[in-house]
Amino acid sequence: MTKIEAIIQPAQFEGVKDALIEQGITGMTVSEVRGHGRQKGHTESYRGREYSVDLLPKVKIETVVDDGIVKAAVEAILEVASTGKIGDGKIFLYKVEEAVRIRNQERGAAAL
């Protein structure tokens, strides 16, 4: 099993969610987060005063999938979330040793 953690632009979330569901991934955790990478934020003007916005809004999607569909899931995220511009986000992959469904104690892929 592999945990996929994708940090994407908020505007791309619905498309990414739909693409993951098409791949058979229905369980995911979604969080609204703030952060920055290489772009280091930007400056904005409000009532004539300039201020720096260095933590930009992002959406973090976390899901654990069977190893057989990791490549398809990552490709689906890339296809939808990529605009070619700085700040599109990142995808992180982690190996998961075990998963346990609390309700009935199912383990492994059956718990997903």
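This report walks through a predicted model of a single chain, from its overall layout to its core and one residue outside the elements.

## Layout of the chain

Let us begin with the secondary structure. The chain contains six strands along with two helices. Read from the N terminus, these elements follow the order β-α-β-β-β-β-α-β.

Contacts tell us how the chain comes together. Among contacts with a separation of 6 or more, 70% join residues that are 24 or more positions apart.

## Overall dimensions

How does the radius of gyration of the chain compare with that of a compact globule of 112 residues? The chain has 17 Å, whereas such a globule would have a value near 13 Å. Along the principal axes, the C-alpha atoms fill a box of roughly 60 × 25 × 20 Å.

## Surface and charge

Of the 112 residues in the chain, 30% are buried. The accessible surface adds up to about 7,700 Å², and carbon and sulfur atoms account for 50% of that area.

Charged side chains are present with both signs: 16 are positive and 17 are negative. The centres of these two sets are 6 Å apart.

## The nonpolar core

In soluble globular proteins, nonpolar side chains tend to be buried together. Here, the largest nonpolar core is made of 15 residues. Those with the most contacts inside this core are I4, I8, V16, L20, I61 and I77. Which elements each supply at least two of the core residues? They are β1 (2–8), α1 (13–22), β5 (56–65) and α2 (70–81). The helix α2 gives the most, with five residues.

I61 is a good residue to look up in the structure. Leaving aside residues up to four places away in sequence, I61 touches I4, E5, A6, I8, F13, V16, L20, M28, T29 and V30. Four of these names, I4, I8, V16 and L20, also appear with I61 among the residues with the most contacts inside the core.

## A look at V100

Where along the chain is V100? V100 sits in the segment that comes after β6 (89–95). Is V100 buried, partly exposed or exposed? V100 counts as partly exposed because its relative accessibility is 41%, and the partly exposed class lies between under 20% for buried and over 50% for exposed.

When residues up to four places away in sequence are not counted, V100 touches Q105, E106, R107 and A111. Compare its position with that of L20, one of the core residues with the most contacts: V100 and L20 are 80 residues apart in sequence, and their C-alpha atoms are 22 Å apart in space.

Technical notes: Residues are numbered from 1 along each chain as its sequence is written. Side-chain values use heavy atoms; hydrogens and water are left out. Helices (H or I, at least four residues) and strands (E, at least two) are DSSP runs, numbered from the N terminus. The radius of gyration is taken over C-alpha atoms; the globule rule is 2.2 Å times the number of residues to the power 0.38. Buried means under 20% relative accessible area, exposed over 50%, partly exposed in between (1.4 Å probe, protein chains only). Contact means heavy atoms within 4.5 Å. Accessible areas come from the Shrake-Rupley method with a 1.4 Å probe; for residues, only the protein chains shown count as cover. Lys and Arg count as positive and Asp and Glu as negative; His and the chain ends are not counted. The place of a charge is taken as NZ of Lys, CZ of Arg, CG of Asp or CD of Glu. A nonpolar core is a set of buried Ala, Val, Leu, Ile, Met, Phe, Trp, Tyr and Cys residues joined through side-chain atoms within 4.5 Å.
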